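Open the model in your viewer and keep the sequence panel beside it. The tour below goes from one selection to the next and says what is found at each stop.

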Amino acid sequence: MGEKIVVKVGTSTLTYENGRLNFRRMEQLCKVLCDLQNRGNKILLVSSGAIAVGMGKLALPSRPKETKQLQALAAVGQCELMFMYDKFFGEYNHTVAQILLTKHVVETEPKQNNVINTVETLFDMNILPIVNENDTVAIDEMPGENFGDNDMLSAMVATMIGADRLIILSDIDGLYDKNPRQFEDAKLITSIPKIDEKIFEMAADGAGSNRGTGGMKTKLSAAQRVTESGIVCSIINGKRPENLYDLIDNKGIGTTFAPKQL
Ligand code: ADP
């Protein structure tokens, strides 16, 4: 009956423009995820936001540029982020667990099995795993050494645990036929049977907000990766966490990429 669902939430959904946490949205998201879990689904959340939360906690006026400073901030912020998740999920009597991953772990088979075993055991205990990249270990100055973006991390995790679907919460309603921030007449595409070059051409480079990271192209790469493994992928607007209900209840929301028939 229930589905195994990976939900990815980005910094732009979790924070205000000034970088501080949007508690209201975070609380709504946690409530919806608890409810979806109560319906019998197994939910895994991939959450960004550690650096932004660290900046807020240390009251830094701007984002540092040096990698080691960003890593230190992420280490501070991750702690606070999990504290908030623990608090909000705890309000509905749900338990969360933290899993920090690196690309190396996800790509090495014996280590991968450790992660899968942990996640499955947490699911059996009705605990919701919250995954993020281990920023202390992942060094983005070495090309190929990190995921680049949590969109790809969420795709790799979804594939690894054999999820039924990946839902990417974004700061936009889904994929448009051209960048809606540039073109007023851009139209939302609700369903995409196959991701080819034409689809990639619709996405402009770069993130949409000062806090976004990957942009639409990384979301398409993530969607491509999971759909090839037979997993349904959707991009929906994270501004309204209740959109998750509408998506799961097939109310035609966001953009859905059909899985390849295996
Ligand atoms: P998030 O922070 O939600 O992960 P990103 O900023 O990484 O979001 O990516 C979403 C952004 O991608 C949108 O806000 C938009 O500015 C940009 N974008 C570029 N091309 C498109 C497109 N064709 N359809 C939708 N969004 C697009």
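## Starting in a loop

Select Glu184, which is found in the loop between E5 and E6. This is a predicted model. Is Glu184 buried or exposed? With a relative accessible area of 87%, Glu184 is exposed. For a sense of scale, pick Ala59 as well: the two residues are 125 apart in sequence, and their C-alpha atoms are 37 Å apart in space.

Stay in the loop between E5 and E6 and move to Asp171. Its relative accessibility is 18%, and the cut-off for buried is under 20%, so Asp171 counts as buried. Show side chains here. The side chain of Asp171 makes a polar contact with that of Ser170 at 3.3 Å, and another with the side chain of Arg181 at 3.4 Å.

## The sheet

Now colour the strands. Eight of them form an open sheet with mixed pairing, in the order E3-E4-E2-E1-E5-E7-E8-E6. The edges are strand E3 (96-101) and strand E6 (191-192); each has a single partner strand, so one side of each has no neighbour in the sheet.

Begin at the E3 edge. E3 runs parallel to strand E4 (residues 128-133), and six bridges join the two. To see one pair, select Ala97 together with its bridge partner in E4, Pro129.

Next, go to E5. How many of its six residues are buried? Six of the six are, so E5 is largely enclosed by the rest of the structure. Arg165, Ile167 and Leu169 point one way from the strand, while Leu166, Ile168 and Ser170 point the other way.

E5 can be followed to two partners:

- E1 runs parallel to E5, with five bridges between them; Val9 has Leu169 as its bridge partner in E5.
- Strand E7 (residues 232-237) also runs parallel to E5 and is joined to it by six bridges; Ile168 stands opposite Ile235 in E7.

## Helices on the sheet

Add helix H4 (residues 67-91). H4 lies across strand E1 (4-9), strand E2 (42-47), E3 and E4, and its direction is at about 150° to that of E3. Then add helix H7 (residues 150-160), which packs on the sheet and touches E1, E2, E3, E4 and strand E5 (165-170). The direction of H7 makes about 135° with that of E4.

With H7 still selected, bring in helix H9 (residues 216-228). The axes of H7 and H9 are 8 Å apart and meet at an angle of about 10°, which makes H7 roughly parallel to H9. On the H7 side, select Asp151, Met152, Ala155, Met156, Ala158 and Thr159; on the H9 side, select Thr218, Lys219, Ser221, Ala222, Arg225 and Val226. The residues of this contact comprise six nonpolar, three polar and three charged.

From H9, step into the loop that leads to E7 and pick Ile231. This residue is buried, with a relative accessible area of 2%. Beyond its neighbours within four places in sequence, Ile231 is in contact with Ala158, Thr159, Ala163, Asp164, Arg165, Leu166, Val226 and Pro259. As a distance check, Ile231 and Val96 are 135 residues apart in sequence and 24 Å apart in space, C-alpha to C-alpha.

## A covered helix

Select helix H3 (residues 50-57). Which of its residues are buried? They are Ala50, Ile51, Ala52, Val53, Gly54, Met55 and Gly56. That is seven of its eight residues, and H3 is mostly covered. Show what surrounds them: the buried residues of H3 pack against helix H1 (11-14), H4 and E4. Just after H3 comes Ala59, with a positive phi of about 50°.

## Two asparagines to finish

Select Asn126, in the loop between helix H6 (109-124) and E4. Phi of Asn126 is near 60°, a positive value in a residue other than glycine. At 45% relative accessibility, Asn126 counts as partly exposed.

The last stop is Asn250, in the loop between helix H10 (243-248) and strand E8 (255-257). Asn250 is not a glycine, yet its phi is positive, at about 55°. Its relative accessible area is 66%, and Asn250 is exposed.

Technical notes
Residues are numbered from 1 along each chain as its sequence is written. This is a predicted model: local features need pLDDT of at least 70, side-chain atom pairs count only at pLDDT 80 or more; totals for chains, interfaces and linings use all residues. Side-chain values use heavy atoms; hydrogens and water are left out. Two strands pair if DSSP finds at least two bridges between them. Helices (H or I, at least four residues) and strands (E, at least two) are DSSP runs, numbered from the N terminus. Contact means heavy atoms within 4.5 Å. Axes are lines fitted to C-alpha atoms, for helices over the stretch in contact, and angles run from 0 to 180 degrees between N-to-C directions. Buried means under 20% relative accessible area, exposed over 50%, partly exposed in between (1.4 Å probe, protein chains only). A polar contact is a pair of N or O atoms within 3.5 Å; within protein, one must be able to donate a hydrogen and the other to accept it, and residues adjacent in sequence count only if both atoms are side-chain atoms. Angles under 35 degrees count as roughly parallel, over 145 as roughly antiparallel, 65 to 115 as roughly perpendicular and the rest as oblique. Ala, Val, Leu, Ile, Met, Phe, Trp, Tyr, Cys and Pro count as nonpolar, Asp, Glu, Lys and Arg as charged, and the others, Gly among them, as polar.
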